[in-house]
Amino acid sequence: MSSLLDPSFIDTRFDSRALSFENPTGARGAGGTTHGGRKGAPNRRLEQGERVVLADIDGPGTVRHVWLTIPPSRPEVMRAQTLEVFYDGNDKPSVSVPALDFFLLPHGRPAPVTSALVAVQEGRGFNSYLPMPFAKHLRIEYTNNSDRAITLYYQLDLTLDGGTDESTGYLHATFRRENPTVMRRDFVIASGLRGPGRFVGCSVGVRVLDTGMWYGEGEVKVYRDGDTEHPTICGTGLEDYVGTAWGLGAHAALYGGAPLDVRPPGTSSPTFVGFYRWHLLDPIMFREELTVTIQQIGAMVFAAEDVEARQAYEASHPVAGNGWTQMGSMSIGIVERVDDYCATAFVYTTEPQAVPRVDVVGAIADIGRADFEPVDPMEAFMG
């Protein structure tokens, strides 16, 4: 892979192919054959519940780039699009996620993304550069689980090459959601895949339910290879894990960022948040097992003399950590809380494994557009 990043690298053993509706088999010399090659089949209309195969190709090989787009629509429609990947003839997927979440966008809300491995250009063109090696066979399926027809465009760029070897793995992507979370029980971002493997990163979404001042004091914890009560890797807070500090607003960087920050005008607390983190230069490897979690801990502030209000809040928000600290006229504390969390985890393992399939009903619940959110002009134009 390092050689591919050198633009002067040439190796003709890499048989470069592309799959799209213009050439769904990826066969050599078979692209653009409809309507005389004059843009005959750039897209396909998918009816409600319709599934389409985007790739069905023998290996060994590696998908190098995934691009797709659909016209913007309301969040429930966007979240109901699912992407699944099956390796080497397996009948159960190793990737099963809402399509937008695969591109770091939870809650069915498109937004611009700029990162080392995923880019969503202008909030419309969904690009992934996560390599997907496969040894024998690859099948990728896309399903429109929404209540309306959509128009899908896509292109998969791949090379038929050596595929997987002893130093590479199969990409797995899993989706989880707890709506709401359970008090004092950490939300699981990744778990259940056998090693050897590598946790390459995640995208996490929060629908903020609690009325507390700040939702993101929870630590990200990585348990690996026998860790039980306590992890090997423990962060210091949600925004710290992303790479920023003192709160979290919309921003982008190569290895961490927050593309989604939806909040009512003039308010300090968001309604929907989405953030990502890539572990490329700080790799997280595991030999046998891996679990990654994040705590639901927040911060709250009361006037120092307002003891009754603080005690009433504590009745439903157990104190976490050191609890309350007096700072001048204010009483500041960190407390347990409950919100709505979802996550897509990206994990490579040396053998393909089945992952839970997306629960579409659970994925689209409670994500409707808020009154203060604007409608994309293209959505309004297309109805």
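Two strands count as paired when DSSP finds at least two bridges between them. With that in mind, this predicted model can be read sheet by sheet, starting with a small example. Three strands make up an open sheet in the order β22-β24-β23, and their pairing is antiparallel. At its edges lie β22 (297–303) and β23 (319–327), each of which pairs on one side only. Neighbouring strands here are turned by 15° against each other on average, with direction ignored. The contact between β23 and β24 (residues 330–336) is made through five bridges, the two strands running antiparallel. A handy landmark along this pair is Trp324, which stands opposite Gly333 of β24.

A second open sheet has four strands, arranged as β14-β21-β16-β17, again with antiparallel pairing. Here the edge positions belong to β14 and to β17 (233–234), as each of these pairs on one side only. β17 is joined to β16 (residues 220–224) by two bridges in the antiparallel sense, and within this pairing Val222 faces Ile233 of β17. Further along the chain, Leu238 belongs to helix α3 (residues 238–242). With a relative accessible area of 1%, Leu238 is buried. Its C-alpha atom lies 8.7 Å from that of Tyr215, a residue 23 positions away in sequence.

Strand β25 deserves a paragraph of its own. In this strand (residues 340–349), ten of the ten residues are buried, so β25 is largely enclosed by the rest of the structure. In a regular strand, side chains alternate between the two faces of the sheet. In β25, Asp340, Cys342, Thr344, Phe346 and Tyr348 point one way, while Tyr341, Ala343, Ala345, Val347 and Thr349 point the other way, and all of them are buried. Two antiparallel partners of β25 can be followed on screen. β13 is connected to β25 by nine bridges, and Phe175 is found opposite Thr344 of β25. β15 (residues 197–207) pairs with β25 over ten bridges, also in the antiparallel sense; in this case Val204 has Ala343 as its bridge partner.

What of the cysteines? A disulfide is a covalent bond between the sulfur atoms of two cysteines. The structure holds zero disulfides. For Cys202, which is in no disulfide, the nearest cysteine sulfur is that of Cys342, 11 Å away; a disulfide would call for the two sulfur atoms to be within 2.5 Å. Likewise, Cys342 is in no disulfide, and the sulfur of Cys202 is the nearest one to it, at 11 Å. Both side chains can be placed with respect to solvent as well. Cys202 has a relative accessibility of 1% and therefore counts as buried, and Cys342, at 2%, counts as buried too.

Empty space inside the protein was examined next. A search of the whole structure finds one cavity of 30 Å³ or more, and this cavity holds about 50 Å³ of space. Its lining is formed by Thr174, Arg176, Ala190, Ser191, Gly192, Leu193, Phe286, Leu290 and Val347. Two elements, β13 (170–178) and β14 (187–191), give two or more residues each to this lining. By character, the lining of the largest cavity comprises five nonpolar residues, three polar residues and one charged residue. Val347, named above among the buried residues of β25, is thus also one of the lining residues of this cavity.

Among the open depressions, the second largest pocket has a volume of about 580 Å³. It is lined by 30 residues, and those closest to its centre are Pro72, Pro110, Ala111, Gly123 and Asp376. Several elements contribute at least two lining residues each, namely α1 (75–79), β9 (125–128), β12 (150–160), β18 (256–262) and α6 (377–382). The largest share, four residues, is supplied by β18. In terms of chemistry, the lining of the second largest pocket divides into 16 nonpolar, six polar and eight charged residues.

Key. Residues numbered from 1 in each chain as written. Predicted model: local features only at pLDDT ≥ 70, side-chain atom pairs only at ≥ 80, totals over all residues. Heavy atoms only, no water. 1 Å grid on protein atoms, 1.4 Å probe; cavity = no way out; pocket = protein on both sides within 12 Å on 5 of 7 lines; lining within 4 Å. Points joined across faces, edges and corners; volume = space filled by probe spheres on them. Nonpolar A, V, L, I, M, F, W, Y, C, P; charged D, E, K, R; others polar. Axes fitted to C-alpha atoms, helices over the stretch in contact; angles between N-to-C directions. Buried < 20%, exposed > 50% of the residue type's maximum accessible area, 1.4 Å probe, protein only.
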